[in-house]
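Here are a few exercises to work through with the structure open beside you. Try each one before reading its solution.

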Amino acid sequence: MQTNSRTDGGLLDAIAGGDVAALRELYSRHAPWLQLRLQRRCSDRDAVDDALQDTFVAVWRKPSRYDGRGEVAAWLWGIAIRRLIDVLRRRPRALTLLAREDFQPSAEEQVLLGVEHGDLAGALNRLSPELRAVVQATVLDGLTTSEAASLLGIPSGTVKTRMMRARAQLREEFA
Amino acid sequence: MSWHVAPDLLRAYARGEADHAAASSLEAHVIHCPGCRQEVAAHCDRQGLERVWGEIRNAVEAPPSGPIETLLVRLGLADHRARLLAATPSLGASWLVSVALSLGFAAFAAQQEERGLMAFLVLAALLPLAGVAAAYGPGIDPSYEIGVAAPMSSFRLILVRASTVLASTAALAALAALTLPRVGWMAAAWIVPSLALTVLSLALATFMPPILASGFVALIWGSIVIVTTRVTDNGLVAFGPGAQIGLLGLAAASVLVLAFRRDSFDLGSHV
């Protein structure tokens, strides 16, 4: 499947030795999904591109930061989302997060997704966009409260209260 | 893994249309599944990715910054300024080492006898001048052509470089002077002359090539030191209070000339 038989960890070793081709290979394996996932967090394409660039430059400079445990992909995502936060901190933002909140899945899709994900999916989807963004940033992306606050452009206190409200709502749905 | 991302979901996800829960499970799965990562690649913005890769390659293939550049960036200087400064020939390691060595020998000589002290003072006053002379100008500065073409006034670049060279060379001279407790404040008598000579040479450099200006200043001042020594039979007259005040006045006048004629650095007509 992959054109190059080296593992991601092997590529990082080669990058540590100054191998630009290895960085290129790592980039072609991981930049596409990182780009799409970042785009879901931030609708500003330039900010996403900058974050992607910063991510791989950071990997080039310090490939040894990867401690060999867990997926390289997860490690890369951790860098990428924090780079995105840094980029957004640097620029005044006209930000629309999670761009397509107005989208409604068709009835058919809802049924299919319901089968796939059970009740939890429905419960998550019924959260208001504000609460969902907070759940996504803290629970799914694993950001700290202040990182989530920077990404979403809201105060830390608001992140905490929205998280509490989201928890309460989910608990109610499953009660 | 038995579950893989369905093509429909992938398409919706790439368009930003997948709902929250489905998108989240896709994201969680993709972290662990190289196959689905490849499927995702079919939906991304290829042109954008290639453009970003170009930027990454530029960044990683740029020459690594040297110790001085790294230090300057640490101190809060912008990258491009740091690079311009670090390209200064008289901030290179070889220059600083030779300055340190010659000052060390002179300081040693100064401990032995009166004439040694004079030699130390003359050297400590002239080294910053030489350093500034070697800090800019065609034929010396490898980044001269770039500097002329840069959207930054040559005058500012010269000032920034000259003051950095002056500071680093003077710091070395001050260290050497610390080894001369016997002579008291006389060990610091080179400070005003070195400053005045450097500023004077910069002012003259608005009329002639910088190398010529520095050589001229060094020659005149050196002759004055030798003549006064011969005439008064006291090697330190040229560093006495009268001379210091005179040099301060000269420095002030040079600053005025420099401020008045600073545009001549940009024209480059004299070089």
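**Exercise 1.** Work out how the axes of helix α3 (residues 45-61) of chain A and helix α4 (residues 72-90) of chain A are placed in this predicted model, and classify their crossing.

*Solution.* Start with the axes: those of α3(A) and α4(A) come within 8 Å and cross at roughly 130 degrees. Next, compare that angle with the cut-offs: over 145 degrees would count as roughly antiparallel, and 65 to 115 as roughly perpendicular. The two helices are therefore oblique to each other. Finally, look at the hand, and you will find that the crossing is right-handed.

**Exercise 2.** Find the residues that make the contact of α3(A) with α4(A), and sort them by class.

*Solution.* From α3(A), look for A47(A), V48(A), D50(A), A51(A), L52(A), D54(A), T55(A), A58(A) and V59(A). From α4(A), the partners are L76(A), I79(A), A80(A), R83(A), L84(A), V87(A) and L88(A). Sorting them gives twelve nonpolar residues, one polar and three charged.

**Exercise 3.** Describe the side of chain B that touches chain A.

*Solution.* Begin with the count: 34 residues of chain B are in contact with 36 residues of chain A. Then map the chain B side onto its elements: α1 (7-14), α2 (20-32), α3 (34-41) and α4 (46-61) of chain B each give two or more residues. By class, this side has 17 nonpolar, nine polar and eight charged residues.

**Exercise 4.** Which elements of chain B have the lowest and the highest mean pLDDT?

*Solution.* Take the whole chain to begin with: chain B averages a pLDDT of 79, and 82% of its residues score at least 70. Among its elements, helix α9 (residues 144-149) of chain B has the lowest mean, 65, and α4(B) the highest, 89. For the complex, the predictor gives an ipTM of 0.72 and a pTM of 0.54.

Definitions and conventions:
Residues numbered from 1 in each chain as written. Chains lettered and ligands numbered in written order. Predicted model: local features only at pLDDT ≥ 70, side-chain atom pairs only at ≥ 80, totals over all residues. Contact = placed C-beta atoms within 7 Å. Helix = DSSP H or I, 4+ residues; strand = E, 2+ residues; numbered from the N terminus. Nonpolar A, V, L, I, M, F, W, Y, C, P; charged D, E, K, R; others polar. Axes fitted to C-alpha atoms, helices over the stretch in contact; angles between N-to-C directions. Parallel < 35°, antiparallel > 145°, perpendicular 65-115°, else oblique. Left-handed = near helix turned anticlockwise from the far one by under 90°. pLDDT = per-residue confidence, 0-100.
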